[in-house]
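Please look over the sequence and the structure below before reading on. The report that follows takes up the strands, their pairing and the nonpolar core in turn.

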Amino acid sequence: MVYRGVAKVIQPETFQTHDFASWSDLAARRDEPVIRTVRFDLRVPEVILLLRNDRMPVRSVPFSRRNLYRRDGYCCQYCGRKQPTSELSIDHVVPRSRGGKTTWENCVLACIPCNVTKGHRTLEASGMYLVTKPRKPDWSPCLTVTVQRRRASWEKFVSEQYWNVALDEEE
Ligand SMILES: [Zn+2]
């Protein structure tokens, strides 16, 4: 992004901004990580300033098996019991044979006994109830990124509160 001119590097100590040319002119310190190129060592930027964006890009949660398991908390949505992954399957609330779609709103986790009991019937016909109404989760995939190493320089730019937000744990 810096190379393309979409972002500038901020030097955390001085708050000075650099474009790619002026940043690559700076000599790397002995103890700091660098990106090695054929002709020079490029310091790894720790803080960048986006010149055109004003917020994090909003991406919707991908509809995946993994995310569906996370949304339902590894619990059968009919009996509410938490089960190991091997004991859970994805159930179409409105069965596919009745035109039910494979979507966030129509798919739930079901344990094997509940899935067998419900069979290919609708909710009404089976007389079963859902623990929660299935919907698209509103959590952002950005929040699930695990920060490997917090840079000391980030403290100046991001409030402490940001780091205390409860995040979903990755299995
Ligand atoms: Zn169940």
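## The three-stranded sheet

In this predicted model, three strands form an open sheet in the order β2-β1-β5, and their pairing is antiparallel. The strands at the edges are β2 (16-18) and β5 (48-50), and each has a single partner strand, so one side of each is left without a neighbour in the sheet. From one strand to the next, the twist averages 35°.

Strand β1, which covers residues 7-11, pairs with β5 in the antiparallel sense over three bridges, and within this pairing alanine 7 stands opposite leucine 50 of β5. The pairing of β1 with β2 is also antiparallel and runs over three bridges, with isoleucine 10 standing opposite threonine 17 in β2. β1 and β2 form a hairpin that has four residues between the two strands, and in its turn phenylalanine 15 has a positive phi of about 65°.

## Strand β7 and its partner

Another antiparallel pairing joins strand β6, made of residues 88-92, to β7 over five bridges. In this pairing, histidine 92 has cysteine 107 of β7 as its bridge partner.

Is strand β7 largely enclosed by the rest of the structure or left exposed? Its residues, 107-111, give the answer: five of the five are buried, so β7 is largely enclosed by the rest of the structure. A residue counts as buried here if 20 or more other C-beta atoms lie within 10 Å of its own. Along the strand, Cys107, Leu109 and Cys111 point one way, whereas Val108 and Ala110 point the other way, and the residues on both sides are buried.

## The largest nonpolar core

Which residues make up the largest nonpolar core? There are ten in all, namely Cys76, Tyr78, Leu88, Val93, Cys107, Val108, Leu109, Ala110, Cys111 and Cys114. Among the contributors to this core, β7 gives the most, with five residues.

Leucine 109, one of the core residues, can be followed further through its contacts. When residues up to four places away in sequence are not counted, leucine 109 touches Leu68, Tyr69, Asp72, Cys75, Cys76, Gln77, Leu88 and Ile90. Cys76 and Leu88, which are included among these contacts, also belong to the largest nonpolar core.

Terms used:
Residues numbered from 1 in each chain as written. Predicted model: local features only at pLDDT ≥ 70, side-chain atom pairs only at ≥ 80, totals over all residues. Buried ≥ 20, exposed ≤ 12 C-beta atoms within 10 Å, placed from the backbone. Pairing = 2+ DSSP bridges. Axes fitted to C-alpha atoms, helices over the stretch in contact; angles between N-to-C directions. Core = buried A, V, L, I, M, F, W, Y, C linked by C-beta atoms within 7 Å. Contact = placed C-beta atoms within 7 Å.
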